[in-house]
Amino acid sequence: MGAALLSLGGVLLSLYLYLYKIGLVTTLACGEGGGCDTVQFSQYARFLGLEVPLIGVLGYAGLLAAGLAGLQPRWADARWPSTLLLALAAGGVLFTAWLKYLEF
C-alpha cells in the first residue's frame, strides 16, 4: 500500500512538472533559491527524445500499477508484482543518480 501511495504522489508531481514544461501550467512553485527554470530548460531536460518529467510520469505510473497489482487478492502469492516493483524502482534510482551526477 505504501509503494502505491508514494507512486501516486510521484505521478502527480511529475505531471505538474510536465504540464509546466509544455505550457499548461504558468507558474512553478519552487523552493528557496529558485533554479527550477534552469533545470526545466537545460540541455539535460530531454532523454531519448522525451521530456524528463514525462519519463517520471510514465515511470511512477508503472510503479503505481505494480504496487496496486501486488494488492490484488488473486496475485497475493505471485512474485511478479514485487519483482516488477523492485525492477522499476531500481531503474528509477539509477536514472535519478545519473541526473544528479549531471547536476554536479
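**From Lys 21 to the aromatic pairs**

Lys 21 lies in helix 1, which covers residues 2–21. The model described here is a predicted one. With a relative accessible area of 17%, Lys 21 is buried, because buried means a value under 20%. Leaving aside residues up to four places away in sequence, Lys 21 touches Gln 40, Phe 41, Ala 45 and Glu 51.

Helix 1 belongs to a chain with four helices and two strands. Read from the N terminus, the order of these elements is α-α-β-β-α-α. The C-alpha atoms fill a box of roughly 45 × 25 × 25 Å along the principal axes. The chain has 104 residues, and 22% of them count as buried. Among contacts with a separation of 6 or more, 49% come from residues 24 or more positions apart.

Helix 3 spans residues 52–70 and helix 4 spans residues 80–103. The two pack with their axes 8 Å apart, at an angle of about 160°. Helix 3 is therefore roughly antiparallel to helix 4, since angles over 145 degrees are classed that way. Their crossing is left-handed.

Several residues make up the meeting of these two helices. On the side of helix 3 they include Val 52, Ile 55, Leu 63 and Ala 66, along with the glycines Gly 62, Gly 67 and Gly 70. On the side of helix 4 they include Trp 80, Pro 81, Leu 84, Leu 85, Leu 88 and Phe 95.

Two of the helix 4 residues just named, Trp 80 and Phe 95, also appear in the aromatic groupings. A search of the whole structure finds four aromatic pairs. In one pair, the ring centres of Trp 75 and Trp 80 are 5.1 Å apart and the ring planes stand at 75°, so the pair is edge-to-face. The reason is that planes over 60 degrees apart count as edge-to-face. Trp 75 is partly exposed, with a relative accessible area of 28%. Trp 80 is partly exposed as well, at 42%.

Trp 75 has a charged neighbour too: the charged end of Arg 74 sits over the ring of Trp 75, 4.4 Å from the ring centre. Phe 95, for its part, forms one aromatic cluster together with Phe 47 and Trp 98. Phe 95 is thus named twice, once where helix 4 meets helix 3 and once in this cluster.

Definitions and conventions
Residues are numbered from 1 along each chain as its sequence is written. This is a predicted model: local features need pLDDT of at least 70, side-chain atom pairs count only at pLDDT 80 or more; totals for chains, interfaces and linings use all residues. Side-chain values use heavy atoms; hydrogens and water are left out. Rings of Phe, Tyr and Trp (its six-membered ring) pair if their centres lie within 6.5 Å; planes under 30 degrees apart count as stacked, over 60 as edge-to-face and the rest as tilted. Buried means under 20% relative accessible area, exposed over 50%, partly exposed in between (1.4 Å probe, protein chains only). A charge sits over a ring if NZ of Lys or CZ of Arg is within 6 Å of the ring centre and within 35 degrees of the ring normal. Axes are lines fitted to C-alpha atoms, for helices over the stretch in contact, and angles run from 0 to 180 degrees between N-to-C directions. Angles under 35 degrees count as roughly parallel, over 145 as roughly antiparallel, 65 to 115 as roughly perpendicular and the rest as oblique. A crossing is left-handed if the near helix is turned anticlockwise from the far one by less than a right angle, and right-handed if clockwise. Contact means heavy atoms within 4.5 Å.
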